[in-house]
Amino acid sequence: MKINVNELDKYIDQEITFSGFVDAIRDKKWVMFVILRDATGKVQMTIEKSEEANAPLLEIMSNLKVESTIKVTGKVVANEAVKLGGLEIIPSNIEVTSIAEDLPFDFNNLDGVNIDTRMDYKWIDMRNPRNTLIRQVESCMTKAMRDYLYLNNFTEIHTPKLIGAASESGSEVFEVKYFDGSAYLAQSDQFYKQMALAGGLDRVFEVGPVFRAENSNTNRHATEFTGFDLEFAYIDSYEDVMSLEEDLLIAGLTAVKEQYGDKILEVFGKEVIVPTKPFPRMKLKDLYEEFHERYGFDIPKEDIGDMNAEAEKLTYKLAQEKFNSEFMFITDYAATKRPFYHMRDEEGKLQGYDLIWRGTEITSGAQREHRYEELSKNAKEKGLGKDVEFYLQFFKYGCPPHGGFGIGLDRLTMLLLGLSSIKETQFLFRGPNRLNP
């Protein structure tokens with residue numbers, strides 16, 4: 001089992017084997033200092049030149065470039081003079097496990113390095129501690145939200161990403177060759193989550209890839225991203241869905257704040273703020289009125305009944321001014337602007353919401369329409385036919401009232417850390433002009 005940098009204080013005065021990257025070599029007159037690095041931090045290795053036994057070690061390190069990897073056998077020694085954790089490794093043996101060539105850019109100084117160059121060499125870009133932290137934060141948040149759902153009796157499912165008919169709206173899907181026919185990459189797991197509830201599972205969730213054939217080059221869109229989606233049955237209204245999302249986000253942000261809050265503030269200058277329930281709520285019509293009165297902003301005609309990017313930014317501003325909150329639920333969207341499977345009440349009012357955080361929509365959630373006749377009518381109204389026939393079958397034989405939502409983890413992490421683009425957040429970005437590495 002590998003010993004990590006953050007575990008070395010358990011091995012003081014013991015001989016260990018440590019493996020990692022060569023981060024820096026400082027060759028002084030009487031001593032050579034080598035900084036070693038792994039995913040958890042850095043440690044100094046000290047080689048005294050006056051000791052004859054160290055000659056082979058000095059020879060190895062003198063001919064080695066930084067970013068090569070080595071395996072070191074040596075003693076962990078406490079030394080207050082060492083700035084890196086007050087510890088150093090005194091080596092007795094060094095084995096070179098890989099040799100690095102000259103790097104295409106300095107990952108420790110990314111100023112001026114084009115984002116496309118960084119994405120071309122993502123595995124090098126990731127070596128910057130800032131980018132390592134991004135991955136660790138997203139992992140921490142995902143685990144905490146997953147754990148919350150497990151504790152609340154959710155079952156994790158894994159739905160197919162190759163499907164036989166274009167999902168949801170029938171647009172913005174990738175068509176792929178499938179033997180002698182065609183298949184599509186799933187836009188979401190929405191239909192299959194609902195099928196699971198029709199099959200008798202009360203609460204389900206999935207963390208998995210989502211594909212959107214959107215020829216969009218904004219800072220927050222990608223053609224493939226990781227979705228965190230859930231659905232649960234026997235609800236009374238979409239208020240139940242909103243309440244569960246509040247609890248889920250509080251669980252995720254609490255875990256991140258406890259484990260990485262100080263580091264996020266230091267590296268990204270962003271405080272992790274854990275919200276309290278209930279998040280503020282506003283009807284879309286009331287929001288429009290506030291925009292007009294406070295900011296002189298009127299929603300463009302083509303967006304009436306919905307939001308746009310400018311409205312989302314103003315929602316954040318309003319949430320802070322009016323409610324001292326980073327979050328805002330918006331309800332009462334026009335049914336024409338939402339998917340056919342969102343429930344409507346007797347007056348035709350949509351039973352769903354968007355959640356805005358830090359000026360960006362992170363969720364569209366709703367109570368779903370579970371009644372076969374109503375669902376069929378809504379689908380017909382939207383001009384959907386054969387593409388949703390298979391889906392409508394799920395509701396012919398009884399299905400409980402239910403609702404749910406989906407969150408894009410990459411966008412959530414981008415907003416949490418105050419990053420300017422999802423290209424920095426994603427492990428490997430996929431967009432209209434990016435399919436590699």
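**Exercise 1. A residue in helix H4**

Locate Met-145, which is found in helix H4 (residues 129-151), and state whether Met-145 is buried or exposed.

Solution. The model is a predicted one.
Step 1: take the relative accessibility of Met-145, which is 0%.
Step 2: compare with the cut-off, since buried means under 20% relative accessible area. Met-145 therefore counts as buried.
Step 3: list the neighbours. Leaving aside residues up to four places away in sequence, Met-145 touches Phe-228, Leu-248, Leu-249, Gly-252, Leu-409 and Leu-412.
Step 4: compare sequence and space for another residue, Ala-334. Met-145 and Ala-334 are 189 residues apart in sequence, and their C-alpha atoms are 30 Å apart.

**Exercise 2. An enclosed helix**

Determine how many of the residues of helix H11 (residues 409-417) are buried.

Solution.
Step 1: go through the helix. The buried residues of H11 are Leu-409, Asp-410, Arg-411, Leu-412, Thr-413, Met-414, Leu-415, Leu-416 and Leu-417.
Step 2: count them. Nine of the nine residues are buried, so H11 is largely enclosed by the rest of the structure.
Step 3: connect this with the previous exercise. Leu-409 and Leu-412 are among the residues that Met-145 touches.
Step 4: look past the end of the helix. Gly-418 follows H11 and has a positive phi, near 70 degrees.

**Exercise 3. Aromatic pairs**

Classify the ring pairs Phe-279 with Phe-327 and Tyr-391 with Phe-394.

Solution. A pair of aromatic rings is described by how far apart the centres are and by the angle of the planes.
Step 1: a search of the whole structure finds 24 aromatic pairs.
Step 2: for Phe-279 and Phe-327 the ring centres are 4.7 Å apart and the planes stand at 25 degrees, so this pair is stacked.
Step 3: place the two residues. Phe-279 is in the loop between helix H6 (238-268) and strand E12 (281-283), while Phe-327 is in strand E13 (residues 327-331), so the pair ties together parts that are 48 residues apart in sequence. Both Phe-279 and Phe-327 are buried.
Step 4: for Tyr-391 and Phe-394 the distance is 5.8 Å centre to centre, with 80 degrees between the planes, and the pair is edge-to-face. Tyr-391 and Phe-394 are buried too.
Step 5: look for a wider group. Tyr-391 and Phe-394 belong to one aromatic cluster, together with Phe-191, Tyr-192, Phe-340, Tyr-341, Phe-390 and Phe-395.
Step 6: note a charged side chain over a ring. Arg-338 lies over the face of Tyr-333, 3.9 Å from the ring centre.

**Exercise 4. Salt bridges**

Find the parts of the chain that are tied together by the salt bridges of Lys-42 with Asp-23, Asp-116 with Arg-434 and Arg-434 with Asp-120.

Solution. Side chains of opposite charge can pair when their charged atoms come close.
Step 1: the structure holds 37 salt bridges.
Step 2: in one of them the side chains of Lys-42 and Asp-23 meet at 3.3 Å, N to O. Lys-42 lies in strand E3 (residues 41-48) and Asp-23 in strand E1 (residues 15-27), so the pair ties together parts 19 residues apart in sequence.
Step 3: check the exposure of both partners. Lys-42 is partly exposed at 30%, whereas Asp-23 is buried at 13%. Lys-42 and Asp-23 are also linked with Arg-37, Glu-67 and Arg-127 in a network of salt bridges.
Step 4: turn to Asp-116 and Arg-434, whose closest N and O atoms are 3.1 Å apart. Asp-116 lies in helix H2 (residues 115-120) and Arg-434 in the segment after helix H12 (422-425), so parts 318 residues apart in sequence are tied together.
Step 5: Arg-434 also forms a salt bridge with Asp-120, with 2.8 Å between the closest N and O atoms. Asp-120 lies in helix H2, so this pair ties together parts 314 residues apart in sequence.
Step 6: compare the exposure. Arg-434 is buried, with a relative accessible area of 10%. Asp-116 is partly exposed at 34%, and Asp-120 is partly exposed at 40%.

**Exercise 5. The surface and the whole chain**

Describe the nonpolar surface patch that contains Tyr-178, then the chain as a whole.

Solution.
Step 1: the patch is formed by Leu-162, Tyr-178 and Phe-179, with about 360 Å² of accessible area together.
Step 2: Tyr-178 lies in strand E8 (residues 174-178) and is partly exposed, with a relative accessible area of 41%.
Step 3: the protein chain has twelve helices and 16 strands, and 51% of its 437 residues count as buried.
Step 4: the chain exposes about 21,500 Å², of which carbon and sulfur atoms supply 49%.

Key. Residues are numbered from 1 along each chain as its sequence is written. Side-chain values use heavy atoms; hydrogens and water are left out. Patches are made of residues with over 30% relative accessible area and no salt bridge: like charges are joined within 9 Å, nonpolar side chains (Val, Leu, Ile, Met, Phe, Trp, Tyr) within 5 Å. Accessible areas come from the Shrake-Rupley method with a 1.4 Å probe; for residues, only the protein chains shown count as cover. A salt bridge is a side-chain nitrogen of Lys or Arg within 4 Å of a carboxyl oxygen of Asp or Glu. Helices (H or I, at least four residues) and strands (E, at least two) are DSSP runs, numbered from the N terminus. Buried means under 20% relative accessible area, exposed over 50%, partly exposed in between (1.4 Å probe, protein chains only). Rings of Phe, Tyr and Trp (its six-membered ring) pair if their centres lie within 6.5 Å; planes under 30 degrees apart count as stacked, over 60 as edge-to-face and the rest as tilted. A charge sits over a ring if NZ of Lys or CZ of Arg is within 6 Å of the ring centre and within 35 degrees of the ring normal. Contact means heavy atoms within 4.5 Å.
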